[in-house]
Amino acid sequence: MTNKKAIIYVLAASAVLSTGCTRRQERSRNADKYHQWLESLTDSVAALQEAQKLTEDSLTALYTGVDEMLRKFSYVDNPREVEGYTILSSRRGSYPLTRTGISARIAKSEDFEIIAVLSGGSFTHITLSDGTSTAGSATVPHDQGLNYRSGNLNTVLFSGPEADSIGTFVAKDPSRPITVAYGNRSERLQPSDAQMIAETWTLAKMRKDIRRMELSIPVISKKIDACRRKMEQRKEK
């Protein structure tokens, strides 16, 4: 074999070996990617299963907590009112208020509601303050529906996110001094009103959390099933 032929042979052999090595490297990289993908899905399934278990455990605790709290509440279905509501039993006799103050209840729709009353004045919104932070309602115009007058009392019903924020604000520490501004007029929130708001909000929030978690469980289950289907489909290829 001449030197020229030997060189050509060596170059050809090197090219074959190089191609083989490249293919093996590609197969190795693909295998690594597959195992990484499989491990990521396995980890995802494990994490989702843990989230599902934690949610189910939390639900069990919330069910127990709501059952215990409901013993302190009564459901009122007054034909003179639009719909029924849940209210703290100890305050049922003093509702509706006949003085300046705030009450709380849970509507049939499960919404948390604030009912504010001002004697000898009028207002469309309220703002609560403890001296360092505040929480305010939405503005409810006078309409003789949600904002109405009877004698010298102006009563306004608040609901929605702003009412929730008031419930959260009071429940943080109902024993602290809180001032309520009924428009331009300010009054100290009575301790009994603060306690009512705090307990009612606690029950309402627990119910909200239950609904949210009950809806999340089937969503988590679907995600787990989707991950498992992907794993099975890849194995069959």
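## Two sheets, two helices and a pocket

Me: Let's begin with a pair of residues in this predicted model. Which residue in strand 10 is the bridge partner of Ala181?
Reply: Strand 9 covers residues 179-182, and four bridges join it to strand 10. The two strands run antiparallel. Looking across to strand 10, the bridge partner of Ala181 is Ser186.

Me: What is the strand order of the open sheet of four strands?
Reply: Strand 6 (134-136) and strand 10 (185-188) are its edge strands, and each has a single partner, so one side of each is left without a neighbour in the sheet. Ignoring direction, neighbouring strands here are turned by 20° against each other on average. The pairing is antiparallel, and the order reads 6-5-9-10.

Me: Which helix packs on that sheet and touches strand 5 and strand 6?
Reply: Strand 5 spans 126-129, and the direction of the helix makes about 150° with that of strand 6. A helix also lies across strand 4 and strand 8, running at about 80° to strand 4. In both descriptions the helix is helix 2.

Me: What about the open sheet of six strands: which strands stand at its edges?
Reply: Strands of a sheet pair through backbone hydrogen bonds, either parallel or antiparallel. Here the pairing is antiparallel, with the order 1-2-3-4-8-7. Each edge strand has a single partner strand, so one side is left without a neighbour in the sheet; these are strand 1 (73-76) and strand 7 (147-150).

Me: How many bridges pair strand 4 with strand 8?
Reply: One example is Val117, whose bridge partner in strand 8 is Thr155. The two strands pair in the antiparallel sense, and the number of bridges is six.

Me: What is the volume of the largest pocket?
Reply: Its lining has 24 residues, and the closest to the pocket centre are Glu81, Tyr95, Arg105, Tyr148 and Leu157. Strand 2 (85-88), strand 3 (101-107), strand 4 (112-119) and strand 8 (153-158) each supply at least two lining residues. The volume is about 530 Å³.

Me: How many residues of that lining are nonpolar?
Reply: The lining residues of the largest pocket divide into three groups: nonpolar, polar and charged. Four are polar and six are charged, while the nonpolar group has 14.

Me: Which peptide bond is cis?
Reply: Most residues other than glycine have a negative phi, and most peptide bonds are trans. Pro96 sits in the loop between strand 2 and strand 3. With omega near 5°, the cis bond is the one from Tyr95 to Pro96.

Me: Where does Glu110 lie?
Reply: Glu110 has phi near 80°, a positive value in a residue other than glycine. Its place in the chain is the loop between strand 3 and strand 4.

Me: Which side chain meets that of Lys53 in a salt bridge?
Reply: Side chains of opposite charge can pair when their charged atoms come close. The partner lies with Lys53 in helix 1 (residues 3-70), four residues apart, about one turn of the helix. With N to O at 2.9 Å, the partner is Asp57.

Me: And how many salt bridges are there by this rule?
Reply: The rule asks for a side-chain nitrogen of Lys or Arg within 4 Å of a carboxyl oxygen of Asp or Glu. Lys53 and Asp57 give one of them, at 2.9 Å. The count comes to twelve.

Technical notes
Residues numbered from 1 in each chain as written. Predicted model: local features only at pLDDT ≥ 70, side-chain atom pairs only at ≥ 80, totals over all residues. Heavy atoms only, no water. 1 Å grid on protein atoms, 1.4 Å probe; cavity = no way out; pocket = protein on both sides within 12 Å on 5 of 7 lines; lining within 4 Å. Points joined across faces, edges and corners; volume = space filled by probe spheres on them. Nonpolar A, V, L, I, M, F, W, Y, C, P; charged D, E, K, R; others polar. Pairing = 2+ DSSP bridges. Contact = heavy atoms within 4.5 Å. Axes fitted to C-alpha atoms, helices over the stretch in contact; angles between N-to-C directions.
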